[in-house]
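This report looks at how the parts of one protein chain are packed against each other. The sequence and the coordinates come next, followed by the reading of them.

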Amino acid sequence: MGKRACGFIIFRRFKGSIEYLLMQTSYGHHHWTPPKGHVDKCESDFQTALRETEEEAGFSQDDMKIFTDSKHEMEYLVKGRPKIVIYWLAELVNKNKEARLSREHQDFKWLPIEEACVLSEYSEMQDALKNSHKYIIEKLISSE
């Protein structure tokens with residue numbers, strides 16, 4: 001069994017557009033991803049996503065509306081070992097709160113879907129972002 005990591009693809013509605021939160025790691029080759037982290041023993045995937053998002057970005061469950069039916073799971077190899085990453089979609093609903101950096105990250109950006117996909121580099125992450133964007137357009141915006 002490979003390592004597991006969980007987090008949220010967080011978006012906000014800003015001046016009529018949808019923006020996604022990406023955070024730049026302060027280690028490795030400084031890649032950009034939504035907040036996520038490894039699952040601790042005796043912790044569910046969802047509990048991990050909540051804990052890591054609060055630790056890495058400063059957002060609590062009360063700051064977000066979480067769409068549990070928008071789970072995106074991907075598997076890929078890291079240094080030859082399988083890694084599973086699970087994201088749920090979450091909307092930042094606390095408009096007065098901005099992301100904050102932990103020691104694990106050196107920068108963050110809110111970006112429209114096209115720019116978020118370019119910055120995220122990896123095809124698996126780009127697919128997760130595109131699937132999340134499709135969910136927002138089809139299930140949230142079209143029903144308003």
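## Histidine 105 and its surroundings

A residue is called buried here when its relative accessible area is under 20%, exposed when that area is over 50%, and partly exposed in between. The model is a predicted one, and in it histidine 105 has a relative accessible area of 7%, so this residue is buried.

Histidine 105 belongs to strand 7, which covers residues 105–111. Once residues up to four places away in sequence are set aside, histidine 105 touches Met23, Gln24, Thr25, Ser26 and Glu56.

## Two nonpolar cores

In soluble globular proteins, nonpolar side chains tend to be buried together. In this model the largest nonpolar core has 22 residues, and those with the most contacts inside it are Ile9, Phe11, Tyr20, Leu89, Met125, Leu129 and Ile136. At least two residues of this core are supplied by each of strand 1 (3–14), strand 2 (17–25), strand 5 (64–78), strand 6 (81–92), helix 2 (113–120) and helix 3 (123–141). Helix 3 gives the largest share of this core, namely six residues.

Methionine 125 is in contact with Ile9, Pro34, Met74, Tyr87 and Ser120, leaving aside its neighbours within four places in sequence. A second core, separate from the largest one, has 18 residues, among them Cys6, Met23, Ala57 and Leu92.

## Aromatic side chains

The structure holds seven aromatic pairs. In one of them, phenylalanine 8 and phenylalanine 46 meet edge-to-face, with 5.8 Å from centre to centre and 85° between the planes. Because phenylalanine 8 lies in strand 1 and phenylalanine 46 in helix 1 (residues 45–57), this pair ties together parts that are 38 residues apart in sequence. The two partners have their own levels of exposure: phenylalanine 8 counts as buried at 0% relative accessibility, whereas phenylalanine 46, at 23%, counts as partly exposed.

Elsewhere, Phe11, Tyr20, Phe67 and Tyr135 form one aromatic cluster. A charged side chain also takes part in a ring arrangement, since arginine 12 lies over the face of phenylalanine 14, at 4.5 Å from the ring centre.

## Helix 1 beside cysteine 6

Alanine 49 is placed in helix 1 and is buried, with a relative accessible area of 0%. Although alanine 49 and cysteine 6 are 43 residues apart in sequence, they are 4.8 Å apart in space, taken from C-alpha to C-alpha. Not counting residues up to four places away in sequence, alanine 49 touches Cys6, Gly7, Phe8 and Trp88.

## Cysteines

How many disulfides does a search of the whole structure find? The search finds zero. For cysteine 6, the closest cysteine sulfur is that of cysteine 42, and the 15 Å between the two sulfurs is too far for a bond, because a disulfide requires the pair of sulfur atoms to be within 2.5 Å. Cysteine 6 counts as buried at 0% relative accessibility, and cysteine 117 is also buried, with a relative accessible area of 9%.

## The hairpin of strands 5 and 6

Strand 5 and strand 6 run antiparallel and are joined by 11 bridges. Within this pairing, isoleucine 66 stands opposite alanine 90, which is in strand 6. The two strands form a hairpin with two residues between them, and lysine 79, in the turn, has a positive phi of about 50°.

Methods
Residues numbered from 1 in each chain as written. Predicted model: local features only at pLDDT ≥ 70, side-chain atom pairs only at ≥ 80, totals over all residues. Heavy atoms only, no water. Helix = DSSP H or I, 4+ residues; strand = E, 2+ residues; numbered from the N terminus. Buried < 20%, exposed > 50% of the residue type's maximum accessible area, 1.4 Å probe, protein only. Contact = heavy atoms within 4.5 Å. Core = buried A, V, L, I, M, F, W, Y, C linked by side-chain atoms within 4.5 Å. Phe/Tyr/Trp six-rings, centres within 6.5 Å; stacked < 30°, edge-to-face > 60°. Lys NZ or Arg CZ within 6 Å of the ring centre and 35° of its normal. Pairing = 2+ DSSP bridges.
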